[in-house]
Amino acid sequence: TTEFDMEKTLKSLGVKEINEGTSTGSDNFSSGTIIESRSPVDGALIAKVKTTSKDDYEKVMTRAVEAFKIWRKKPAPQRGEIVRQFGEKLRKLKEPLGKLVSYEMGKSYQEGLGEVQEMIDICDFAVGLSRQLHGLTMHSERPGHRMYEQYHPLGVVGIISAFNFPVAVWSWNTALAWVCGDVCVWKPSEKTPLCGIACQNIAAEVFKANGLPEGISCLINGDYKVGEMMTHDNRIPLVSATGSIRMGKIVAQAVAARLGKSLLELGGNNAIIVTPEADIKMTVIGAVFGAVGTAGQRCTSTRRLIIHESVYDQVRDALIDAYKQLRIGNPLDESNHVGPLIDTDAVKLYNSALQKVVSEGGNLIVEGGVLEGEGYESGCYVKPAIAEARPDFEIVQHETFAPVLYLLKYSGSVENAIEIQNGVVQGLSSAIMTNNLRDAEQFLSSSGSDCGIANVNIGTSGAEIGGAFGGEKETGGGRESGSDAWKIYMRRQTNTINYTAELPLAQGIKFDL
Ligand code: NAD
């Protein structure tokens, strides 16, 4: 039944057997090599996508630069109206798009729908924002002068995205960038190219129906080499890149070398601190969902639990029980909790993390393993594992993009737990489970969590679009989505206007002519 469904799903999203991976809107072309998209769910070939060559890329950039000249002149609330229409289309296509996300990436159908809902939510947010792109007015020190600041469109925004949020991350960027008056060129992950094709088809219809030019929404496809075309391109003032820290360091250097701006959303190593006064039931729910949801492939997945010694055994035993109830299998079947990893390379990384934690002296209290047999033919299904470890283990310092949870014990005050939690290079998401007000406030204070996201009595994973999303340290420092994250998509200008017949010079300088 899944196969039959998929055929209908792909058709409703305009995804064909072989797709042109380069698009400037409704004009699709491509002369590069072919990527095959295989589903981690059952290993089946879903469809193929032709990648973007250097010549294709030049055509895209020429159109994007031209489109910007038109789009930037459209009043922001009118740009908001286009984004509103895009959100409406997403509402209608929520089910097929959610299903494609689930089948191509491997997350559960419910999570696929959730990702599309995030796209809808950010569109709604952006529509309101289109009437609120305001700067400040200041009092000038000079008589008869007025001073204020305004935000103008920036230009072509390059978007590089990761496989694990194959549609939402793009929309977090585009919905804001479009109302800000920018045009976007997107390179999705080479592991989820069909999600990119489907999204571009949806956007293209909206721009075409409104008589807008080619180039406001562009798609390019391929591996890191295609991404590099954007990072080295002076015509792109802002590159927004989501993915591994390794990738972020390369992208940041390439963009900085030409003094461009980059918005980086990189890896996390997220922890939940469990204090003696934690609600254990809530802790277990939050930790299990955080660690095994999306098979541990969220940037905000819970990797470390830092548990006070007084409740350590209780939490550990409750987790072991909860893990026994997890059902692993086809993510389109809603009774399963855990789907596959993205590919067999990810399975190798999972296996080597388990070996490494044992070789460093860790103790596997929930054993892992790769599943075989009926329903697991893709070779991408693994058992979520839990290891007792120590904060200084090398493996605990790294992000393992798989369902492996490390239990760490602390004693004494909450400051000790905070020190462990901050003692890694990443700084994305963090949480404390406690009913102790002092511990909670300590965790949120200036000497508390050093992450971009810090939660009390909810887990680390997921975020609402209304807040700014991103992390500190090697997570890259970028902020996307809500709050005032829009400002990075615009250029800021300070304006001073003299409405007198005098021209007083600054610093009292006299310049008699
Ligand atoms: P990845 O770094 O392998 O790839 C991400 C994207 O970068 C892909 O599109 C890839 O083609 C491109 N890329 C790689 N090298 C490049 C280069 N030198 N120049 C230009 N582009 C390049 O990451 P992945 O495996 O797809 O995703 C998983 C990682 O993403 C995890 O570390 C996860 O934590 C992180 N992530 C972070 C966030 C966040 O918001 N902080 C969100 C999602 C994922």
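Start by selecting α8 (224–231), where Val226, Gly227, Met229, Met230 and Thr231 are buried. Buried here means 20 or more other C-beta atoms within 10 Å of the residue's own, exposed means 12 or fewer, and partly exposed is in between, with C-beta atoms placed from the backbone. Helices (H or I, at least four residues) and strands (E, at least two) are DSSP runs, numbered from the N terminus.

Two things to know before moving on. What you have open is a predicted model: local features need pLDDT of at least 70, side-chain atom pairs count only at pLDDT 80 or more, and totals for chains, interfaces and linings use all residues. Residue numbers run from 1 along each chain as its sequence is written.

Keep α8 selected and add its neighbours. Its buried residues pack against α2 (54–71), β8, β9 (183–187), β11 and α9; contact is taken as C-beta atoms, placed from the backbone, within 7 Å.

**Next stop: the ligand**

Show the ligand and the residues near it, meaning those whose C-beta atom, placed from the backbone, lies within 6 Å. You should get 30 residues, with Ala162, Gly227, Gly243, Glu265 and Cys299 the closest. Gly227 is already familiar as one of the buried residues of α8. Which helix gives the most to this shell? It's α8, with four residues. Both α8 and α9 (245–257) supply at least two residues each.

Try colouring the shell by class: twelve residues are nonpolar, twelve polar and six charged. The nonpolar set is Ala, Val, Leu, Ile, Met, Phe, Trp, Tyr, Cys and Pro; Asp, Glu, Lys and Arg are charged, and the others, Gly among them, are polar.

**Along α9**

Now select α9 and put a distance between its end C-alpha atoms: they are 18 Å apart, which agrees with the 18 Å its 13 residues should span at 1.5 Å a residue. The expected span is 1.5 Å times one less than the number of residues.

Pick out Gly248, Val251 and Val255, which are buried. Look down the axis and these buried residues fall within an arc of 70°, so they line one face of the helix; the arc is that of the directions from the helix axis to the C-beta atoms. An α-helix has 3.6 residues a turn, so residues three or four places apart point the same way. The buried residues pack against β8 (156–160), α8, β11 (238–242) and β12 (261–265).

Flip to the face turned away, and you find the exposed residues Arg246, Gln253, Ala256 and Ala257. Zoom in on Arg246: it has 11 other C-beta atoms within 10 Å, so it counts as exposed. Its C-alpha lies 8.7 Å from that of Leu266, 20 residues apart along the chain. Follow the backbone out of α9 to Leu259, where phi is positive, near 55°.

**Over to α6**

Select residues 168–179. Is helix α6 mostly covered or exposed? Mostly covered: twelve of its twelve residues are buried, among them Trp170, Trp172 and Trp178. Just after α6, check Gly181, with a positive phi of about 95°.

**Last stop: three strands**

Bring up β5 (residues 45–50). Strand β1 (residues 18–20) pairs with β5 in the parallel sense over three bridges, with Asn19 opposite Val49. Pairing requires at least two DSSP bridges. Strand β4 (residues 34–38) runs antiparallel to β5, joined by five bridges, and Ile34 has Lys50 as its bridge partner. β4 and β5 make a hairpin with six residues between them, and Gly43 in the turn has a positive phi of about 80°.

How values were computed: Contact = placed C-beta atoms within 7 Å.
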